[in-house]
Amino acid sequence: MPKPKIKLPEPSFETCLLKIISERKSHRKYRKEPLALNELSTVLWSSYGCIDEDCRRRTVPSAGATYPMEIFVFVRENGVIGLEPGIYYYDPLTHSIILIRSGDQNRKLYYACLNQKWVLEAPINIVITAVYERTTSWYGRRGFRYIYMEAGHIGQNIYLAATNLGLGTVAVGAFNDEQIKTIIGLNNKYLVLYVFPIGKI
Ligand SMILES: Cc1cc2nc3c(=O)[nH]c(=O)nc-3n(C[C@H](O)[C@H](O)[C@H](O)COP(=O)(O)O)c2cc1C
């Protein structure tokens, strides 16, 4: 006899987290409005930020606490109030960003992402990369699997943080890895894992 399905009760939406989870969806059209710096800050912190002072805990889990990820932000002309256009590196330890390449690089990123126009139009794009040896030196080939899993945790946090702020995003996995590495200036120690265009909806 097959066992009967057990219908679960409705989840409680009293906590706002569950409401945000229920509202998460991909957005590919953004208003032509810049983001505020605190919006960028919130999304970046949610992606890979530190929870405690000495950064022993992050907003996402990491296999063996190896934390292989390096996060970059492409800021368009007028993409974020008060920021010049360019590519920034996010430093979780100091919760700061560092300009590594000046000028609006969104069009190059758009070409590298197979002409997905939400990449071109978004005021910012977050690019998640990994220095894979930090994890594979411990776990061998299985470390690659762990890196992809960790990218998923980060991606979901970006979706939820964006939703909470009334911003839209979409996970972009279709891109030319080598082209993105060239645009940012990354060597072969890096894997490019995900791109997240983000804008007001
Ligand atoms: C690994 C992965 C790769 C994806 N790549 C792309 C992409 O390159 N371009 C795109 O527009 N959407 C991409 N998506 C978004 C999916 O199309 C989207 O999540 C799906 O249609 C479900 O819609 P929802 O996110 O609104 O629930 C990707 C999603 C995942 C998880």
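The exercises below, each with a worked solution, concern a predicted model and treat its annotated domain, its ligand, its salt bridges and a few single residues.

**Exercise 1. The annotated domain**

Find which residues UniProt assigns to the feature "domain: Nitroreductase", and describe that span in the model.

*Solution.* Begin with the record, where an unreviewed UniProt entry places the feature "domain: Nitroreductase" at residues 21-200. Then turn to the coordinates of the predicted model, in which the span is 37% helix and 23% strand. Finally, take the two ends of residues 21-200, whose C-alpha atoms lie 18 Å apart.

**Exercise 2. The surroundings of the ligand**

Determine how many residues surround the ligand, which polar atoms of the protein lie by its nitrogen and oxygen atoms, and what part of its area the protein covers.

*Solution.* Start with the shell, which holds 13 residues, the closest being Arg-24, Ser-26, Arg-28, Gln-116 and Ala-171. Sorted by type, the residues of this shell comprise seven nonpolar, three polar and three charged.

Next, go through the polar atoms one at a time. Ser-26 places a polar side-chain atom 2.5 Å from an oxygen atom of the ligand. Ala-171 contributes through its backbone, a polar atom of which is 2.8 Å from a nitrogen atom of the ligand, and a backbone N or O atom of Gly-173 lies 2.9 Å from a nitrogen atom of the ligand. As a last step, consider the area: of the 620 Å² that is accessible on the ligand on its own, the protein covers 52%.

**Exercise 3. Salt bridges and their setting**

State how many salt bridges a search of the whole structure finds, and work out for three of them whether the partners are buried, partly exposed or exposed.

*Solution.* The general idea is that side chains of opposite charge can pair when their charged atoms come close. A search of the whole structure finds five salt bridges, and the following three are among them.

Take Arg-31 and Glu-33, whose closest N and O atoms are 2.9 Å apart in their salt bridge. Because its relative accessibility is 40%, Arg-31 counts as partly exposed, and Glu-33 likewise counts as partly exposed, at 31%.

Continue with Lys-200 and Glu-39, which form a salt bridge with the closest N and O atoms 3.5 Å apart. This pair links distant parts of the chain, since Lys-200 belongs to strand β6 (residues 190-200) and Glu-39 to helix α2 (residues 37-48), 161 residues apart. Both Lys-200 and Glu-39 are buried.

End with Glu-70 and Arg-134, whose side chains meet in a salt bridge at 2.5 Å, N to O. Here too the pair links distant parts of the chain, with Glu-70 in strand β1 (residues 69-75), Arg-134 in helix α5 (residues 133-139), and their positions 64 residues apart. Glu-70 counts as buried because its relative accessibility is 8%, whereas Arg-134, with a relative accessible area of 31%, is partly exposed.

**Exercise 4. A serine in helix α2**

Establish whether Ser-47 is buried or exposed, and which backbone oxygen lies by its side chain.

*Solution.* First locate Ser-47, which is found in helix α2. Its relative accessible area is 0%, and therefore Ser-47 is buried. Then look at the side chain of Ser-47, a polar atom of which lies 2.6 Å from the backbone oxygen of Leu-44.

**Exercise 5. Two positive phi angles**

Explain what is noteworthy in the phi values of Asn-78 and Leu-114, and say where each residue lies.

*Solution.* The rule to apply is that most residues other than glycine have a negative phi. Asn-78 is not a glycine, and yet its phi is positive, near 55 degrees; Leu-114, also not a glycine, has a positive phi of about 55 degrees.

As to location, Asn-78 lies in the loop between β1 and β2 (86-91), while Leu-114 lies in the loop between α3 (106-112) and α4 (117-121). For accessibility the cut-off is over 50% for exposed: Asn-78, at 59%, counts as exposed, and Leu-114, with a relative accessible area of 54%, is exposed. Cys-113 is found in the loop between α3 and α4 as well, but Cys-113 is buried, with a relative accessible area of 0%.

Key. Residues are numbered from 1 along each chain as its sequence is written. This is a predicted model: local features need pLDDT of at least 70, side-chain atom pairs count only at pLDDT 80 or more; totals for chains, interfaces and linings use all residues. Side-chain values use heavy atoms; hydrogens and water are left out. UniProt positions are given in the numbering used here, feature names are shortened, and annotations may be inferred rather than shown by experiment. Helices (H or I, at least four residues) and strands (E, at least two) are DSSP runs, numbered from the N terminus. A residue is near a molecule or strand if one of its heavy atoms lies within 4 Å of it. A polar contact is a pair of N or O atoms within 3.5 Å; within protein, one must be able to donate a hydrogen and the other to accept it, and residues adjacent in sequence count only if both atoms are side-chain atoms. Accessible areas come from the Shrake-Rupley method with a 1.4 Å probe; for residues, only the protein chains shown count as cover. Ala, Val, Leu, Ile, Met, Phe, Trp, Tyr, Cys and Pro count as nonpolar, Asp, Glu, Lys and Arg as charged, and the others, Gly among them, as polar. A salt bridge is a side-chain nitrogen of Lys or Arg within 4 Å of a carboxyl oxygen of Asp or Glu. Buried means under 20% relative accessible area, exposed over 50%, partly exposed in between (1.4 Å probe, protein chains only).
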